[in-house]
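Open the model in a viewer and set the display to cartoon. This tour proceeds by selections, with side chains shown at each stop.

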Amino acid sequence: MKDIGFILNGKEVTSRVEDTETLLHTLRERFLLKSVKEGCSIGECGACTVLIDDEPHYSCLTLAEKVDGRDVKTVEFLGEEKALHPLQKAFIHSGAVQCGYCTPGMLLTAYSLLKKNNNPDDGDIREAISGNLCRCTGYIQIIEAVKYAAGILNSET
Ligand code: FES
Ligand code: FES
């Protein structure tokens, strides 16, 4: 076991974790953040994506102890039902959510992209989300949503 401390969605937290524990397990079972989805568990689907220091990572492949001292964000950081982030509004507006299983990871990947590139083209978005699989929507609506969110964010600045 190891004691770790990190920033989780803007707040300092601590946890005692197993040596082989994944960040996916820590977030879901110790912090009850069920938005972090478990799909394949082998780094192929992206459903478990979280941000570590604002970069997307597969939490199923990340040992919990590796986030000691770092910044971790899950989709709860973005917004809540009554105060959705522009990306969340855009996904709804563009019909980019169906079952929703991929959506938390997709939103976080898109958030990371827009922090680095506030006017991404289709190719930029396709490349960014290439590690996040969606079996429902096709990717057209997701790409439209990210561009729509960029427009909202740019109009706010
Ligand atoms: S559950 Fe982690 S990549 Fe699929
Ligand atoms: S909305 Fe169902 S997997 Fe993407």
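In which hand, left or right, does helix 2 cross helix 5? Helix 2 passes helix 5 in a right-handed crossing. The model is a predicted one.

**First stop: helix 2 and helix 5**

Select residues 86-93 for helix 2 and residues 140-156 for helix 5. Their axes come within 8 Å and cross at roughly 135°. Helix 2 is therefore oblique to helix 5, since an angle counts as roughly antiparallel only when over 145 degrees.

Now show the side chains of the contact. On helix 2, pick P86, L87, A90, F91 and H93. They meet I142, A145, V146, Y148, A149, I152, L153 and E156 of helix 5. Coloured by class, this contact shows 11 nonpolar residues, one polar and one charged.

**Second stop: helix 2 and helix 3**

Keep helix 2 selected and add residues 103-116, which form helix 3. The two helices pack at an angle of about 125°, and their axes lie 10 Å apart. That angle makes helix 2 oblique to helix 3. The crossing of helix 2 over helix 3 is right-handed.

For the side chains here, select L87, Q88 and F91 in helix 2. Opposite them in helix 3 are T103, M106, L107, A110, Y111 and L114. By class, the contact of helix 2 with helix 3 has seven nonpolar residues, two polar and no charged.

**Last selection: L87 and F91**

Finish with L87 and F91 of helix 2. Both are listed in the contact with helix 5, and both are listed again in the contact with helix 3.

Key:
Residues are numbered from 1 along each chain as its sequence is written. Chains are lettered from A and ligands numbered from 1 in the order in which they are written. This is a predicted model: local features need pLDDT of at least 70, side-chain atom pairs count only at pLDDT 80 or more; totals for chains, interfaces and linings use all residues. Side-chain values use heavy atoms; hydrogens and water are left out. Axes are lines fitted to C-alpha atoms, for helices over the stretch in contact, and angles run from 0 to 180 degrees between N-to-C directions. Helices (H or I, at least four residues) and strands (E, at least two) are DSSP runs, numbered from the N terminus. Angles under 35 degrees count as roughly parallel, over 145 as roughly antiparallel, 65 to 115 as roughly perpendicular and the rest as oblique. A crossing is left-handed if the near helix is turned anticlockwise from the far one by less than a right angle, and right-handed if clockwise. Contact means heavy atoms within 4.5 Å. Ala, Val, Leu, Ile, Met, Phe, Trp, Tyr, Cys and Pro count as nonpolar, Asp, Glu, Lys and Arg as charged, and the others, Gly among them, as polar.
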